[in-house]
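Dear colleague,

Please find below the structure I am handing over to you. My notes on its cysteines follow.

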Amino acid sequence: MNKTLFMSGGLIVPALLLTACAGQKESVSAQKPLNIIHIMTDDHSYQTLSAYGHALGKLAPTPHLDSLAAQGMLFRRAFVENSLSTPSRACLMTGLYSHQNGQRQLGAGIDTTKTFFSEILQQHGYQTAVVGKWHMLCEPKGFDYYQILWDQGEYYNPEFKSRETNGKYVKREGYATKLTTDYAIDFLEHRDPDKPFCLLVHQKAPHRNWMPEEKYLHLYDDVEFPYPETFYDDYATRCEPAHTQEMRIADRMTMVYDLKLNGLKDQSPYKDEWNVGGMQASIDRMDDAQRRVWEAAYEGRLQEFLSEKPAGDELTRWKYQQYIRDYLRCIKTIDDEVGRLMDYLKEHDLMDNTVIVYTSDQGFYMGEHGWFDKRFMYEESFRTPLIIRYPGKKQGLENYDLVQNIDYAPTYLDIAGIEKPSYMSGTSLVPLLDGETPEDWRQYLYYHYYDYPAIHMVRRHDGVRDSRYKLIHFYGGKEGQRDAVNCNELYDLENDPNELHNLYGDPAYKETQDRLQQQLDRFRTDLKVDEF
Ligand code: SGN
Ligand code: CA
């Protein structure tokens, strides 16, 4: 635990900061607490941040994010509590699990009486800002500056609202990822330089339906991306929910909306697809120049589809290629914009007194198990990318400790020298940043997904993970009725990293199963979980 050393201009300075940085960098002023920049994208998979070394990242590098990782710590076991946007954002803002902060599902629940860490920082003299996707079902609390997108936000010419627009969302010309960076820089330009700041840069990209910036519409046109090992998972050993989800590329990824073949929108069977009007609405928002470039780019895809007429497995593979290309094009702009923000920080001497965090609101399936989207406690959606660059700490480290999105609020308070309120469930990550794991660091993580019935039809489940094993419990529906589910899965991530072999009930794993079950029961009791 950091100790408060002294007060400076009403601000508390953490002892750790002073010891860690003493004599290292003159510009890490002992008088001023560190600034904080939390960059959070929406649905960015760790598989596509090239510092993680996965196949997709190798073909579509993210040099600016990799450089950030090289200057800081790359977390390889960073997770969310509930793999969905608003719940993740509520975990971030409160340091609480979903059932504690109220935001269990996508569209409902936040308990607005809960304190946001931004409010606490503000009370302690920080200037606070949030730009981009807010997506909480309440007004921004504890922010001096905000420029937030409406709901999920649009990629092209999106609506933003700020203090100046009197509660109205106003359409802005441009591409969301770049506009969001513009607003981040606008805040930095106009802040009071005598105060520390905490800036949340929340990108909408690369959220569905993965609409790239004009200049990248042809990037990766000639690249054939590799298929994940589990692309043809038949869910043979799994419980029912893996079979009944609605997020398979083969039968749930749509031609018009997801793959942008707008020319098919009036034809059967495509006119009955999910959200068929969504693509047209997105095109209608574009100005003439944007629209011309867009339509020319996807005309090529349409012609390829019409001439090659892929079907069956060939069609699934074709869809996968188009999906991955668009997704990675969106990532390319994110990487550029992280670079642009870093350039600004360098030019304004802010690198040595600003903690920079990069993460996503959850992970995403890049075809693993045949899927897109998220929600499940399987690794690709449970895990997120996480990089922390902390001035004065060792660089280029990798971390394997279990960390979770409820840890951000306590971390940011810790950086500001503010003691964690006792009600917060998360734990500050600052002690990990020297590369040593504190002896009492957590051995288990708790996960809980609630959003059923809902789009993609992933059943409710909770579960526990340690450094090697994972136990998942699917539940819900009335006993005896058709949709009732009450089923468990156990995975050994060391021997089976793809989570293909459900070991639940296997006598060879009885001891592990009992140990994880006991831990799950302990979480449910200690955290007063009220459904499972
Ligand atoms: C939208 C998407 C879904 C996605 C949810 C939640 N459909 O509903 O595919 O799972 O958001 O995403 S779309 O047609 O509107 O794109 S989250 O990131 O906000 O949790
Ligand atoms: Ca998301």
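In this predicted model, the count of disulfides comes to one. The bond joins C239 to C487, with an S to S distance of 2.1 Å, and that distance qualifies because the cut-off for a pair of cysteine sulfur atoms is 2.5 Å. The link of C239 and C487 is left-handed, with -80° about the S-S bond.

The pair connects distant parts of the chain, as its two cysteines lie 248 residues apart. C239 sits in the loop between strand 10 (197–202) and helix 8 (240–244), while C487 belongs to strand 18 (residues 485–492). As for their surroundings, C239 is buried, at a relative accessible area of 3%. C487, by contrast, is partly exposed, with a relative accessibility of 24%.

Two further cysteines deserve a comment, C138 and C198. Why does C138 form no disulfide? The closest cysteine sulfur to that of C138 is in C91, 14 Å away, which is too far for a bond. C138 counts as buried, at 12% relative accessibility.

A similar question arises for C198: how far is its sulfur from the closest cysteine sulfur? The distance is 16 Å, to the sulfur of C138, so a bond is ruled out here too. C198 is likewise buried, with a relative accessibility of 2%.

With kind regards

Conventions: Residues are numbered from 1 along each chain as its sequence is written. Chains are lettered from A and ligands numbered from 1 in the order in which they are written. This is a predicted model: local features need pLDDT of at least 70, side-chain atom pairs count only at pLDDT 80 or more; totals for chains, interfaces and linings use all residues. Side-chain values use heavy atoms; hydrogens and water are left out. Helices (H or I, at least four residues) and strands (E, at least two) are DSSP runs, numbered from the N terminus. Buried means under 20% relative accessible area, exposed over 50%, partly exposed in between (1.4 Å probe, protein chains only).
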